[in-house]
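Let's take a walk through this one together, starting with the whole chain and then picking out a few spots worth a closer look. Have the structure open and turn it as you read.

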Amino acid sequence: MYKWKVCPIQGRQLKDVHEEDIIGDFRLCHTYRGGGGYDQYPHIVHKRKVGIHAIGDPTLQFVVQLYGCHLDCPYCYVTKDGIFGEYVEYASDEILNSFYLAVERYGCGVFHLMGGSPALYLDQWSVFVRHTWPLFRFHSDLLLTEREYTSAQLSKIKGEHTIYAVNIKGVTSEDYYKNTRRKLDWKLFWHNFDKVVSSSINFYLTFTNPDLSYIEEFNEKIRKRYGAGVLEDSFIIDLIDYNALKESKDGCI
Ligand code: SF4
């Protein structure tokens, strides 16, 4: 039986997560409270009619924080404690049971697989995509650089109740390095972007702390390659002054 590696909220991350939002090894995320641009999520969900049969609050997410990340962003509030700290193994149905409990107690309307880099587990997402249909929304994140995506993987995560944030962490090689402390593999990036677009999964783009002097040039590349529709609902994520990072000398990882 497949086991997920779930990182409980631990270490420096506890400085920012409200105690009342921690549910065992999982947590609630109030979209409007988080800031950084993600408060646009409910509007996008409403506009795109994601999960029109869904119940629960679309602004209240049940977050499963998964172990591991391939990047090392200096602004990462999850911190290496929350990404590479102790993890607990869970079967999918155990995670789902905690989710249903959170639905019952708090009225969550969204199941959110978060990281780290949740797409390191992309092969397994479909189990939650299936089980959240039709009553809940399924939301997760793609960074386009975790590993090579396949059409088969992406076709399994499609659904009227699903939506994905495709997060771009730099619009030039230098920008990407500044934001992630990793070298960007452009070949992999465009391969995965092509796969995401051709799969027609429901996604929106987010740009984390991009170099604004190059963003228009980058967006023009996207328009030429895929059409302007791909940029619809995209937004920039602003960096937040997290408490978790205030005394950290080494940043995230
Ligand atoms: S902010 Fe960067 S380092 Fe932190 S979890 Fe996200 S991708 Fe990984």
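Of the 253 residues in the protein chain, 37% are buried. Keep in mind as we go that this is a predicted model. The protein chain carries nine helices and 10 strands. Its radius of gyration comes out at 17 Å, close to the 18 Å that the globule rule gives for 253 residues, so the chain is as compact as a globular protein of that length. If you line the C-alpha trace up along its principal axes, the spans are about 45 × 45 × 35 Å. Contacts tell you something about the fold too: among those with a separation of 6 or more, 84% are between residues 24 or more positions apart.

Now find the sheet. Eight strands make it up, in the order S2-S3-S4-S6-S7-S8-S9-S10, and the sheet is open with mixed pairing. Its edges are strand S2 (22-23) and strand S10 (235-237), each of which pairs on one side only. As a reminder, strands of a sheet pair through backbone hydrogen bonds, either parallel or antiparallel. At the S2 edge, the partner is strand S3 (residues 26-30), joined to S2 by two bridges, and the two run antiparallel. Look there for isoleucine 23, which stands opposite phenylalanine 26 in S3.

Next, follow the chain from strand S6 (108-114) towards helix H5 (126-132); glycine 116 sits in the loop between them. The peptide bond joining glycine 115 and glycine 116 is cis, with omega about 5°. Helix H5 itself holds histidine 131. Is histidine 131 buried or partly exposed? It has 17 other C-beta atoms within 10 Å, and buried would take 20 or more, so histidine 131 counts as partly exposed. From its C-alpha atom to that of tyrosine 164, 33 residues apart along the chain, the separation is 17 Å. Past H5, on the way to strand S7 (137-142), the loop contains proline 134. Here is another cis peptide bond, joining tryptophan 133 and proline 134, with omega about -5°.

A couple of backbone angles deserve a glance as well. Threonine 79, in helix H3 (residues 79-84), has a phi near 65°, a positive value in a residue other than glycine. Threonine 79 counts as buried because it has 24 C-beta neighbours inside 10 Å. Arginine 181 also has a positive phi, near 55°, but its place is the loop between helix H7 (173-180) and helix H8 (186-199). With 14 other C-beta atoms within 10 Å, arginine 181 is partly exposed.

Then there's helix H9 (residues 212-226). What span should its 15 residues have? At 1.5 Å a residue the answer is 21 Å, and the end C-alpha atoms are 21 Å apart, so the two agree. H9 is hardly covered, though: zero of its 15 residues are buried. Just after H9 comes glycine 227, with a positive phi of about 100°.

Finally, turn to the ligand. There are 12 residues around it, and Cys69, Leu71, Cys73, Cys76 and Val78 come nearest. By type, the shell has eight nonpolar residues, three polar ones and one charged.

Methods
Residues are numbered from 1 along each chain as its sequence is written. This is a predicted model: local features need pLDDT of at least 70, side-chain atom pairs count only at pLDDT 80 or more; totals for chains, interfaces and linings use all residues. A residue is near a molecule or strand if its C-beta atom, placed from the backbone, lies within 6 Å of it. Ala, Val, Leu, Ile, Met, Phe, Trp, Tyr, Cys and Pro count as nonpolar, Asp, Glu, Lys and Arg as charged, and the others, Gly among them, as polar. Two strands pair if DSSP finds at least two bridges between them. Helices (H or I, at least four residues) and strands (E, at least two) are DSSP runs, numbered from the N terminus. A residue is buried if 20 or more other C-beta atoms lie within 10 Å of its own, exposed if 12 or fewer, and partly exposed in between; C-beta atoms are placed from the backbone. The expected span of a helix is 1.5 Å times one less than its number of residues. The radius of gyration is taken over C-alpha atoms; the globule rule is 2.2 Å times the number of residues to the power 0.38. Two residues are in contact if their C-beta atoms, placed from the backbone, lie within 7 Å.
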